[in-house]
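The following note sets out points for a colleague who is examining the model. Please read them with the structure at hand.

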Amino acid sequence: MSQQHWAGVLAANWGIDAELEPLAGEFDLNFRATARDGRRFVLKVMRSNCDASLVDMLCAAHAHVHAHVDAADAGFPFPRVIPTTTGAPWCVAVGPDGAERFVWLISFLDGCNYALFQPRNPPLIRDLGIRIAQLDRALSGFSHGGMKRDLKWDLLRADWIDAHHDQIADSSRRALVQRISERYAAQKPKLLNEPRFTIHNDLNDYNILVAHNSGYPPRITGLLDFGDIASGPVVVELAIAAAYIALDQDDPECAVAALVAGYNEVSALSGAQLDLIWPLAMMRLAVSVTNSALMQQERPGDPYVVISEAPAWQLLERAEQIPAARVAARLRAACGLPVDDAAANALEWIEQTRGKFAPVMGVELSDAPAVALSPVGCTIPRDPSCMSDAEALALGGTQQEPRHAVATWLGRYAEPRLIYTDRAFALGPHRGSNRRTVHIGVDVFMPPGTAVRAPLDATVEVVEYRGQHLDYGGMVVLRHTPADGVSFATLYGHLSRASVARLTSGQRVASGAAFAELGDRSENGGWDPHLHLQLALNAGLLDDAWPGVADPDDLSYWRALCPNPAALLNLPDSRIEYVALDMAEVTKGRRAHFASNLRLSYADPCLFVRGWRTHMYDEWGRAYLDAYNNVPHVGHSHPRIEAIAREQLQRLNSNTRYLHPALMEFADALLAKAPAHITHVFFVNSGSEGNELALRLARAHTGGKDMIVVDHAYHGNTTGAIDISPYKFDKPRGGGAPEWVHVVPVADVYRGEYRDADAAGRYASNIDGAIERIRARGGHLAGFIAETFPSVSGQIIPPDGYLQAVYSRIHAAGGVCIADEVQTGLGRLGEFYWGFEQQHANPDIIVLGKPLGNGHPLGAVMTTAEIAQSFDNGIEYFSTFGGSTLSCRIGTEVLRIVDEEGLQENAHTTGNYLLDGLRKLQPRHAVVGDVRGAGLFVGVDLVNDRTTREPATRVATYVKNRMREERILIGTEGPADNVLKIRPPLTIARDDIDQLLHTLDRILGETGGQHD
Ligand SMILES: Cc1ncc(COP(=O)(O)O)c(C=O)c1O
């Protein structure tokens, strides 16, 4: 009723004929107005007792922001005020109740409320920080008589709640709010001294919009509701936003740090400002819960009143366990500042004293080489999830190449390392969960018993013996106060048990005095003997675990708290600072020298430096679950493959022109897996080369040229392989099918033409038409080629009996049948070693590639004696690298590992576990149209509508990229790129599947309503 009325007002005053839909609003009426021509607006009908100055201020503020927004920020959509037909920013209209209301119109911004959006993760929050800073910049200089403060929400006068603490019934909650008020009171003088600007003043999570349908990554698309604009300090703006973005966060500190980091990118924040934000944010929540308590008395049972009460209490209660000093330090670190003011003094003093400290190890270290322990620099440990004792004992330079003849080595600061494999370093339950990997001290590898000396006068603060495997063993923390206002701590790990037994807390240690000695392996946590030396600028912020290794995702904080300690060893920082790979340089080089159609996966590309079984590791030691790559069939970096390759390379790597038993061994191993009629094998280097050869074999045998191929199929990147790959030649500039290529539809029972019980026969009968077309053009059939289970078509499982029916038609027409088993062969399908087995079909030629060499370039073509004979036309067949001694040894080993490690069986059981899990997700997520697969060849078909099966391409792209963000690699496939492709190494374990399913469930949940 009311909608129609206000639609009339809109038409009369703006000349816009639109349909109205009500939107949420606390006091005013808001309508989404969709005009006949598709344009969208928000019609704002102010509360009936509204003052004209408020609506005038709102319109003026919007206009000001638009006039002052930086050209660079102009892409950021602030709503625009649409003037009435008379050019006025607003009008007065009579409501259905006869009361006059102010009405104005703004442009509509797409997106959903931040409060309702997931994931609210650091990149999005950082974006919010940037947007808030841009808004504040655009608002600067705005002033209007209508800018009035609502006392209730004025953070400069939030202590009004002190008079109402008694309204909070629960005594512990009341005490909590009182404590927050006290902290606020302590900060208030500083707050009142802060300079004031015009600020939005109410960036709560319902006043922030996030794009929910513009793909990946999600972005802030609007900051709404200028009704509370006021003059105030910038910290108030940030504290209000911080209070709301910290709600419901696993790590509220990290969320607020991302917010201020974003803001600081645009407008620099000072340490003093950053220190105010957390106590103020807590005070804002204290105001909110106090207000709720008061309103509940006024309007008992009104849900709007308590809308944010529960999460606010939850955060307030949790925040009691979070030291405010730690949050302040974190926020400062996020903005590149020292963790506190004292830290700045200490850093300066240490810098001035560099070169004058007493030698910690009693000797000069300037010539000691630094040993590389990073995933880029070394391969210790081979298994990044479990370091052997022998590896732990061999970390020093003697194990590294080139071997160092000296007895002292340094281990680098800020170096990521995979050596911290103990549970204590893990940050989650899975093998691939995040863990602490980055060393935040320096190591000095020297013999056990070497005396450790204080670099300057000190008092023993902590002395402990930590006997756990891969812990510190003997550990001492010394406190130093060398000058007024300068105080810091140094930590010494891996000391002997006897040395820590001698020391007591509070004991004084003079500069240069030997206070401990290095422990041996039995007492130092099981490591190669060395000292771990760490500098802590504010030891109070290190928890009792005294961590010496940090989470790479939290490194700015840990680096600020525990900076490079090189000065304490009288060394320049650069001597021990780890130098990270430069992603930008690597990317730039790639852009400069590679064609841009050599694509990278993911919106945020990955750089991996190590692999092990089902995981890949980036430079920072972050593990990614590889649920996508089928080439590392028996797992990344398999030690047996490495051993075989090393051994064979030491002996000989030659070609098929000479006799060698390794070639026959590989041929026998392969043929033993093939049907009995397949007796001959050719070795090649890739799937493409294999399919090229298969084409030649088919043509040599039949004398024909024409090929029947399946729609969307991919058979390789060479000229001939592209000719038989509709996936390539059917692309807009793909050139189309050559005249000798005849395409039949893919046997897709989910979205293809035939979906019923006799789909197999009906799809197979398409072959008849193709044969007819060949006859009609006067061609001659050479054969039929298909991926036995089409992969790039969207992980298709053909209906039972399809391939058998096709093959019999092809054979009847005199053609040969080629099974491209590049994706499906070698046990991936679990129950079956080959795809054609599942189809009860007997191919004449089998092509193998990708998984056969586990990363070594290796393919094979197997065929019958008759076809091999037809091919032998007197012209030599030779592939230089195909069938090299090394390739054959590796290929044989891959086949053996599949059998000996039960990997086909694992594909079967783990694949079923995955498929079951995915099918359980289906009822929970409407976007999941179909789950299909066999073994570890799996597809999840995403749809916008389960009835029409319209592909949800954008959602699939989003899911793939979000999974990558969560460090799980999957792909997308299918003609519409809407099928999630899961095709991991056959080593994947149930725990990995649990992690994948759990994460996918969460991410699919984020896409609710996010359709193309
Ligand atoms: C089914 C199929 N056949 C052939 C090939 C080509 O193999 P390669 O890239 O080793 O030349 C591929 C590669 O993705 C494939 O998926």
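**Notes on the predicted model**

1. The N-terminal end of α18 is capped by serine 686, whose side-chain oxygen lies 3.4 Å from the backbone nitrogen of serine 688. The coordinates come from a predicted model, and the points below should be read accordingly.

2. Helix α18 itself has 16 residues, and its first and last C-alpha atoms are 22 Å apart, close to the 22 Å expected at 1.5 Å a residue. Its buried residues include Gly687, Ser688, Gly690 and Asn691. Leu693, Ala694, Leu695, Leu697, Ala698 and Thr702 are also buried in α18. Just after this helix, glycine 703 takes a positive phi of about 75 degrees.

3. Which helix gives the largest share of the shell around the ligand? It is α18 (residues 687-702), with 3 residues. The shell comprises 13 residues, of which Gly687, Ser688, Asp820, Gln823 and Lys850 come nearest to the ligand. By class, the shell divides into 8 polar, 3 charged and 2 nonpolar residues.

4. Three polar contacts of the ligand deserve inspection. A ligand oxygen is 2.9 Å from a polar backbone atom of glycine 687. Another entry concerns serine 688, where an N or O atom of the side chain is 2.4 Å from an oxygen atom of the ligand. At aspartate 820, the partner is a nitrogen atom of the ligand, 2.7 Å from an N or O atom in the side chain. On its own the ligand has 390 Å² of accessible area, and the protein covers 86% of this.

5. Two cis peptide bonds should be checked in the backbone. One joins glutamine 118 and proline 119, with omega about 0 degrees; proline 119 lies in the loop between β6 (112-113) and α3 (122-139). A cis peptide bond also joins isoleucine 380 and proline 381, with omega about -5 degrees. Proline 381 is placed in the loop between β11 (370-371) and α11 (389-392). These bonds merit a look because most peptide bonds are trans.

6. Positive phi values outside glycine form a related point, because most residues other than glycine have a negative phi. Aspartate 248 has a positive phi of about 60 degrees and lies in the loop between α5 (234-245) and α6 (252-266). Alanine 414 likewise has a positive phi of about 60 degrees. The loop that holds alanine 414 runs between β12 (409-411) and β13 (415-416). Is alanine 414 buried or exposed? Its relative accessibility is 2%, so alanine 414 counts as buried.

7. How many disulfides does the structure hold? The number is 0. For cysteine 254, the closest cysteine sulfur is that of cysteine 335, and no bond forms between them because the sulfur atoms are 13 Å apart, whereas a disulfide requires them within 2.5 Å. Cysteine 562 has its closest cysteine sulfur in cysteine 254, at 18 Å, which is therefore too far for a bond. The surroundings of these residues can also be stated: cysteine 254 counts as partly exposed because its relative accessibility is 29%, while cysteine 562, with a relative accessible area of 0%, is buried.

8. Two further positions may help in orienting the view. Leucine 316 lies in helix α8 (residues 309-319) and is buried, with a relative accessible area of 1%. Its C-alpha is 40 Å from that of alanine 627, and the two residues are 311 apart in sequence. Glycine 1005 belongs to helix α29 (residues 990-1006) and, at 45% relative accessibility, counts as partly exposed. Between the C-alpha atoms of glycine 1005 and proline 798 there are 30 Å, and along the chain the two are 207 residues apart.

9. As to the overall architecture, the secondary structure of the protein chain comes to 29 helices and 39 strands. The C-alpha trace spans about 100 × 90 × 50 Å along its principal axes. Of the 1012 residues in the protein chain, 56% count as buried.

Terms used:
Residues are numbered from 1 along each chain as its sequence is written. This is a predicted model: local features need pLDDT of at least 70, side-chain atom pairs count only at pLDDT 80 or more; totals for chains, interfaces and linings use all residues. Side-chain values use heavy atoms; hydrogens and water are left out. A residue is near a molecule or strand if one of its heavy atoms lies within 4 Å of it. A polar contact is a pair of N or O atoms within 3.5 Å; within protein, one must be able to donate a hydrogen and the other to accept it, and residues adjacent in sequence count only if both atoms are side-chain atoms. Accessible areas come from the Shrake-Rupley method with a 1.4 Å probe; for residues, only the protein chains shown count as cover. Helices (H or I, at least four residues) and strands (E, at least two) are DSSP runs, numbered from the N terminus. Ala, Val, Leu, Ile, Met, Phe, Trp, Tyr, Cys and Pro count as nonpolar, Asp, Glu, Lys and Arg as charged, and the others, Gly among them, as polar. Buried means under 20% relative accessible area, exposed over 50%, partly exposed in between (1.4 Å probe, protein chains only). The expected span of a helix is 1.5 Å times one less than its number of residues.
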